[in-house]
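Hi everyone, thanks for coming. I'd like to take you on a short walk through one structure, so please keep the picture in view while I talk.

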Amino acid sequence: MSPKELDFASQAVFYTPEEHSQSISYPIYMSANFQYDGDIYDQIVAGARKEVNIYSRCGNPTEYKFEEHIAKLTGGTACLATASGMAAISHALFGILKAGDHIVADLTTYSSTHEFFDHRAQDFGLKVSLVDCTDVRAVENALTEETKVLYVEAIANPTMKVPPLKALVELAHARGIVVICDNTFASPAVCRPHDFGVDVVVESATKFIGGHNDAVGGVITLKSDILPPDWLEDVRWNTLNKLGAPLSPFNAWLLLRGAQTLALRLEKQCANALALAKHLEAHPRVRRVFYPGLPSHPNYASAKEQLRGGGAMLSFQVDDEASGVRLLKRLQLCSFAASLGGLRTTTQVPATMAFLDIPSQEREAMGVVDGLVRFSVGIEHIDDIIADVDSAIDQMHMEI
Ligand SMILES: *Cc1c(COP(=O)(O)O)cnc(C)c1O
């Protein structure tokens, strides 16, 4: 059976061993430098790039193996790994845009992405319009002659909104606009934006792909009729190689190892998240729950079409920010932490953590209201997660 015919779970586990050693775990090539034996020098002069090993900022065999695996899992035609999720996002944008170009981006994106769009992009002569991309008409009204990129997230923090990918792709492609989607909150096990026509998918591999809270990394994948087939190799040589944010071989190895259990982890994490979301929705001390797998979610229809399961991310609103913080400080099993996507349940209060640097009015327009608590649900037993959360909710009004 060719690996192409395998189910996603089998594809996640399987990769071909290294040719020389038949090592089932692909080796870590912990080498910055490579020796130009035989005619390698002549091949490089003649234009060889990935076919030979040159220098690890330009590429490394362990990184290439990780890229090959992720291209397969995302349904992309190619993948480029980067030092972080933010490096994937910035390199994808710098690989397409030039001064004077216009971007339409969702109003609600990851905090560092939002800050780039809202402040830093202008320093490079880029123009940005931030709109609610669940409203296709609003996106259409924001497009101009200069628009080159439409940028959304598959599931957007912290209200877990899910934009209608097919409708947005249709609108953008009719005008030759490239659609970029950050798939971090979903992971390839829950959403494959390329299947809905998205040209470029960016993802923080630090989160669900790696899944163990032990390595920072990012990936860009391509499947496009607008961008040329060699676009990602051009980004590797002309953007990443010049701006200098390659993935380290050791992190590539950790992330490749983590990706092998992606389907298994997410199956459990989505089931746990759904059970926790249902429990919280019925809880008298919880004002509102945001989870794309619940029929009460405003984008439930898009979620049903685009997501396999409801994902592992949810948020809920309690009375005020102080109660939310006290709730998280009372948790014993779940960890109060910045990041997400790992085996363990981690939680944070977005308004005063990830979005702290964003002015409160801007934050509220993004749906980042005070008293919102975000959970990245892990693989612990659901009864233990619920008991921990219930006990913390019971104590959230008590001074510590
Ligand atoms: C974490 C995150 C990023 C940035 O990834 P890093 O690996 O931390 O650089 C980008 N987008 C989303 C949605 C994220 O959660």
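**Rings, strands and a few odd backbone spots**

Let's begin with a charge and a ring: the charged end of K50 sits over the ring of Y64, 4.9 Å from its centre. Before I go on, please remember that this is a predicted model. There is another arrangement of this kind, where R49 lies over the face of W237, at 5.3 Å from the ring centre.

Now for rings meeting rings. How many aromatic pairs does the structure hold? The count is seven. Let me pick out F117 and Y151: the ring centres are 5.0 Å apart and the planes are at 75°, so this pair is edge-to-face. F117 belongs to helix α5, residues 111-123, while Y151 belongs to strand β4, residues 147-153, so the pair ties together parts that are 34 residues apart in sequence.

Are these two rings' residues buried or exposed? F117 has a relative accessibility of 1%, so it counts as buried. Y151 comes out at 0%, and therefore counts as buried too. If you zoom out a little, both residues are part of one aromatic cluster, formed by F94, F116, F117, F124 and Y151.

Next, please find strand β1, residues 78-82. Five of its five residues are buried, so the strand is largely enclosed by the rest of the structure. Both faces are covered: A78, L80 and T82 are buried on one side, and C79 and A81 are buried on the other. As for its pairing, β1 is joined by five bridges to strand β7, residues 218-222, and the two run antiparallel. If you want a landmark there, look for L80, which stands opposite I220 in β7.

Let's move along the chain to another sheet. This one is open, has five strands in the order β8-β9-β12-β11-β10, and its pairing is mixed. Which strands stand at the edges? They are β8 (288-290) and β10 (335-336); each has a single partner strand, so one side of each is left without a neighbour in the sheet. Further in, strand β9 (residues 313-317) and strand β12 (residues 372-376) run antiparallel and are joined by five bridges. One residue to click on is M313, whose bridge partner in β12 is S376. There is a helix to add to this picture: α12, residues 321-330, lies across β9, β10, β11 (346-348) and β12, and runs at about 30° to β12.

I'll finish with some backbone details in the loops. The peptide bond from N157 to P158 is cis, with omega near 0°. You'll find P158 in the loop between β4 and α7 (165-173).

Then there are two residues with positive phi. S187 is a residue other than glycine, yet its phi is near 80°. This serine is in the loop between β5 (178-182) and β6 (200-204), and its relative accessibility of 0% means that S187 counts as buried. N213 is not a glycine either, and has a positive phi of about 55°. N213 is placed in the loop between β6 and β7. With 44% relative accessibility, N213 counts as partly exposed.

That's my tour. Thanks for listening, and I'm happy to go back to any of these spots.

Note on methods:
Residues numbered from 1 in each chain as written. Predicted model: local features only at pLDDT ≥ 70, side-chain atom pairs only at ≥ 80, totals over all residues. Heavy atoms only, no water. Phe/Tyr/Trp six-rings, centres within 6.5 Å; stacked < 30°, edge-to-face > 60°. Helix = DSSP H or I, 4+ residues; strand = E, 2+ residues; numbered from the N terminus. Buried < 20%, exposed > 50% of the residue type's maximum accessible area, 1.4 Å probe, protein only. Lys NZ or Arg CZ within 6 Å of the ring centre and 35° of its normal. Pairing = 2+ DSSP bridges. Contact = heavy atoms within 4.5 Å. Axes fitted to C-alpha atoms, helices over the stretch in contact; angles between N-to-C directions.
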